[in-house]
Amino acid sequence: MSALNADSTTLTGRVLHPGNVREVLLDRLVRLLGRDPETAGPRDIYEALANAVREELAARRVATERRVARARVKRVCYLSVEFLPGRALVNALAALDAELVEATRVALRDLGFDLEQVAAEEHDPGLGNGGLGRLAACFLDSLATLQYPAIGYGIRYDYGIFTQVIGPDGSQREVASRWLRLRDPWEMPRAQAHYEVHFGGRFLSENDGRGRTRHRWVDTRRLLAVGFDHLVPGNRSPTVNNLRLWSGRAIEPFHVRDFNAGRYDAAVAEQVTAKNLSRVLYPDDSTPQGKELRFSQQYFFVSASLQDLLATLLAEGRALVELPDAVAIQLNDTHPALAIVELMRLLIDVHDLEWPQALDITRRVFGYTNHTLLPEALETWPVELFERLLPRHLHIIYQLNRGFLDEVSSRFPGDFERRRRMSIIDEEQGRRVRMAHLAAVGSRRVNGVARLHSELMRETIFADFAALWPARFTNVTNGISVRRWLKESNPGLGALLSSRLGHARENDLEELERLRFAADDLGFRRQFATIKHANKVRLAATILERTGIEVPAASLFDVQVKRIHEYKRQMLNLLHVVSRYNRIRQDPAAEVVPRTVIFAGKAAPGYRMAKAVIRLINNVARVVNADAAVAGRLKVVFLPDYDVSLAQRIMPAADLSEQISTAGMEASGTGNMKLALNGALTIGTLDGANIEIREHVGAEHMFAFGLTAAEAGACRARGYVPAEIVRADAELAQALEMLDDGYFTPDNAEDAGSVVDRLTSDGEPFLVLADFRAYVEAQARADALYARPDDWTRAAVTNCVNMGYFSSDRSIREYAEQIWNIRPVI
């Protein structure tokens, strides 16, 4: 049998297995890397091992592609500007074979290396920032594990979002991520996957001689999108799916004539411009140049992705009219919404379809996931940007909007206000294209990501659309990958659960339901508590290494780790820290539950208030940690440069999970799920998925507090005046006064002023002070329970074993059935 005609059995013939790890590793070390095993270091060992694993994944990927092509089934195309996969090595080893991780550990030990040491040579890919990217990564994991054919598309950011460094004054500083400084052994350059992407120019409308008007986009500025693949293995599954990332390149990267004439900058200007499109995630858009770059990034990646997708389907012999039966394209938030217009352009201008047919295909292909109700997060782009950069697309949007508004008028005759509200073009804010409206108009289904969020979505931002198309809107509550967030992050707990359930629960988290009575088992609780303590000792060592702060592992680990944003209310947590600090100092003899408060998260470079909050957290931490009066009873830590690998240290060690967003503002959250699965108790508002978590674990095993979404709305409606709350709460007033007077910032007494002014301003939208007293009371309940260790452990076990519903596998099954209409290829 020739290699070219090898069947899938030959392709998946095992190269790496538990019995030959050492042999394969040494072979790759010498033959591929040219390194002497006697002088090889951890980086050499990592690259050799990663290449051996990737070879096995590549063979499985080819076999997967053949199965999918032969089956001629529908596949999923997942478009997202963020993917946050975390390190690949241990995850891939575990996915390939349950025994491979331990076999690798033994082989490395024989060679004088430690698996954790070798795995740490891998840099977290700088492809995402927060929950949006981590959700996308969990979904790709579940799609492969459940054997659904899928591909993810994104951008290969050279420098990620940024590496966060905390300066001497506590401020966040952004430096370029170095994740691609060394060769990434996991990525596979795809020279054949390159597509021209166009910007600018003008479009011409011409009669084709048959009475049809045809459009040509001409005089454009062109560049190349070049593909790089990352393979995504399913856990104990033969399926390996693909994440294709696009990098910008100039068509002519170097102009010799300019260089020889001494015009060195001009010689490489086109390459610099093209590469800027894939330099960083979320470039600061506080300048006109930043806005244009972010807009261009979004079009760059959707254009390349759709060209690639259509080329793949046409190569399989599929007709474009079959597109809705061949692929489901999911928009992960509004960032990829330009894909709707780009697909229309490709179908009409490039593939010669008529408008009605192209629109029907487009609307049957796309689905849109909404992730926010915050008005400032619902993207809009100036019409002027479209006029300069995407003139043909603007013309398509106008035509799409005209037909859509005719449909609105037909359904609601004479309701001009409704037409104004629903229009894709916002005529009142300087003429802007509303991307969420575009996504809703161009998609077959629109989903929220938690039950409350989906209800509010239908009642608020999409109320008019839901009235027009009620069946278009649905809910799929988010989930997390148990492989990453339990099996890999918390191997001790994973082993304990597997000793009772077997390994089947790795691919079926709802198996945890069988352990619903484990909280009543004293032996199980003791094992659970021992594992938790070991995880806390490990995190304490990480804290000491990264910050120089020594924290007691026996203290309550109170964790708030997420993007820094006002609606997530890190300041509510910090106000409690200050009030707790004051209580201890005022009554040193009082019994106090020792507590370590742990913050982590990044602020967007242009988000001044969020960066001020980070600076204030670090300054409060500096004073509290240096005060002998609270030593051993209160510590505050800000862990810099939060990423997946750091999260995998924090989640298993957390005791208390801070999920304290303003009710009605958090779409879902997934950190709440990861923490609860690892045995943390939630202190939180009735927001996002917190509500569903409470239903599953029981209200008595969660510290709920604060205004509901309805109560928050009523508070704003009657006029929120924080000063009234401050006057009625002496403890809160003292905490704010200390911040405002510079107690924690003696070198700059006014440093916290902007934060305090924001919290106390009339109409402050996030209602931080309105929830302060209820939050402090909930914290007191947490203290009281933690003072009874066995009762706390019982509640922690109850949280863990009732989290089966919150698996990304369940989420993906719901997408597959409700939205995509796809089936596994086995």
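A salt bridge is a side-chain nitrogen of Lys or Arg within 4 Å of a carboxyl oxygen of Asp or Glu. The exercises below concern a predicted model, in which local features need pLDDT of at least 70 and side-chain atom pairs count only at pLDDT 80 or more, while totals for chains, interfaces and linings use all residues. Residues are numbered from 1 along each chain as its sequence is written, and side-chain values use heavy atoms, with hydrogens and water left out.

**Exercise 1.** State how many salt bridges the whole structure holds, and characterise the one between D124 and R87.

*Solution.*
Step 1. Searching the whole structure yields 70 salt bridges.
Step 2. In one of them, the side chains of D124 and R87 come together with an N to O distance of 3.4 Å.
Step 3. This pair links distant parts of the chain, 37 residues apart: D124 is in the loop between helix 6 (115-119) and helix 7 (131-145), and R87 in the loop between strand 1 (75-79) and helix 4 (89-96). Helices (H or I, at least four residues) and strands (E, at least two) are DSSP runs, numbered from the N terminus.
Step 4. Buried means under 20% relative accessible area, exposed over 50%, and partly exposed in between (1.4 Å probe, protein chains only). D124 is buried at 12%, whereas R87 is partly exposed at 26%.

**Exercise 2.** Locate the partners in the salt bridge of K602 and D641, and classify the accessibility of K602.

*Solution.*
Step 1. The side chains of K602 and D641 meet at 3.1 Å, N to O.
Step 2. The two residues lie 39 residues apart and connect distant parts of the chain: K602 is in the loop between strand 18 (595-600) and helix 24 (608-626), D641 in the loop between strand 19 (634-639) and helix 25 (644-650).
Step 3. K602 has a relative accessible area of 10%, so this residue is buried.
Step 4. Elsewhere, D208, R210, R212, R214, D352 and E354 form one network through salt bridges that share partners.

**Exercise 3.** Determine how many disulfides the structure holds, and explain why C800 has no bond to C138.

*Solution.*
Step 1. A disulfide is a pair of cysteine sulfur atoms within 2.5 Å; the structure holds 0.
Step 2. C77 is in no disulfide, and the nearest cysteine sulfur, that of C138, is 19 Å away.
Step 3. For C800, the closest cysteine sulfur is also in C138, at 16 Å, which is too far for a bond.
Step 4. C77 is buried at 1% relative accessibility, and C800 is buried at 1%.
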